[in-house]
Amino acid sequence: MESLTSGTLAGTGTFRCSVCGHVVEMATADVLPVCPGCEGASFTRASLFAGTGRFKRTEPDAQTLSESDALDAARDAIEEPGRYLIFHDTGNVRTVAVPDSMRIGRSLSAHVRFEDPTVSRRHAVLVTESEGVRVLDDRSLNGVFVNGERIVSRVLEDGDEIVIGRYRLRFADRSVLPAEAAGAVLAAE
């Protein structure tokens, strides 16, 4: 009975970490795990109707700036030419190469899958075209934002920030790496 009153026993549903906002989905009555995002143990039941502050404008804090620095470092570490998405996922920075077509969402068929209620099952699609990589909103509930602007379709440029649910992804177009570009200029002279 103590676990019922202390809040450590969780039922079926979705729970949000009170510290970092990471979402944990539970399928059966079980003890809540340690948060994979911040290793905290303070969870509240996630609700579509609870005040989450999603639309409140806030200034970037030190953690946001350090996350941005980590994404920049991951971008600079790319050695192979190509187009990439760089983002934080469960505390780690992931770099994913963009193929000709890529689905992003909560669905099991998505190439980049986010298990989060703010992400639709079919949230966005990236398609490689002659002019570059185009991001398309796949009729998502919360929309797709590029550099803070809600879009339906847009060709991405190097360094663009894509927001899908609570995730911030950075697009890196490393089709021609800076060292190769400099070598090509020297060869042309």
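The following exchange asks how terms are applied to this predicted model.

User: What makes a local feature or a side-chain pair count in this model?
Analyst: The model is predicted: local features need pLDDT of at least 70, side-chain atom pairs count only at pLDDT 80 or more, and totals for chains, interfaces and linings use all residues. Residues are numbered from 1 along each chain as its sequence is written, and side-chain values use heavy atoms, with hydrogens and water left out.

User: How many contacts does the stretch 49-65 have beyond near neighbours in sequence, and what is a contact?
Analyst: The protein has a mean pLDDT of 76 (the predictor's confidence in each residue, from 0 to 100). Over residues 49-65 the pLDDT is below 50, and this stretch has two contacts beyond near neighbours in sequence, a contact being heavy atoms within 4.5 Å. Where pLDDT is low, the predicted coordinates should not be read in detail.

User: Why are strand 6 and strand 7 called paired?
Analyst: Two strands pair if DSSP finds at least two bridges between them. Strand 6 (residues 82-89) and strand 7 (residues 92-97) have six bridges, in the antiparallel sense, so they are paired. Strands here are DSSP runs of E with at least two residues, and helices are runs of H or I with at least four, numbered from the N terminus. His 88 stands opposite Val 93 in strand 7. In the hairpin of these strands, Thr 90 takes a positive phi near 50 degrees.

User: Why is Thr 118 called buried?
Analyst: Buried means under 20% relative accessible area, exposed over 50%, and partly exposed in between (1.4 Å probe, protein chains only). Thr 118 has 11%, so it is buried. Thr 118 is found in the loop between strand 9 (112-113) and strand 10 (124-129).

User: What makes the approach of Thr 118 to Arg 166 a polar contact?
Analyst: A polar contact is a pair of N or O atoms within 3.5 Å; within protein, one must be able to donate a hydrogen and the other to accept it, and residues adjacent in sequence count only if both atoms are side-chain atoms. The side chain of Thr 118 reaches the backbone nitrogen of Arg 166 at 3.2 Å.

User: How do you know that Asp 138 and Arg 103 form a salt bridge?
Analyst: A salt bridge is a side-chain nitrogen of Lys or Arg within 4 Å of a carboxyl oxygen of Asp or Glu. For Asp 138 and Arg 103 the N to O distance is 2.9 Å. Asp 138 lies in the loop between strand 11 (132-137) and strand 12 (144-146) and Arg 103 in strand 8 (residues 101-105), so the pair ties together parts 35 residues apart in sequence. Asp 138 is buried at 13%, whereas Arg 103 is partly exposed at 33%.
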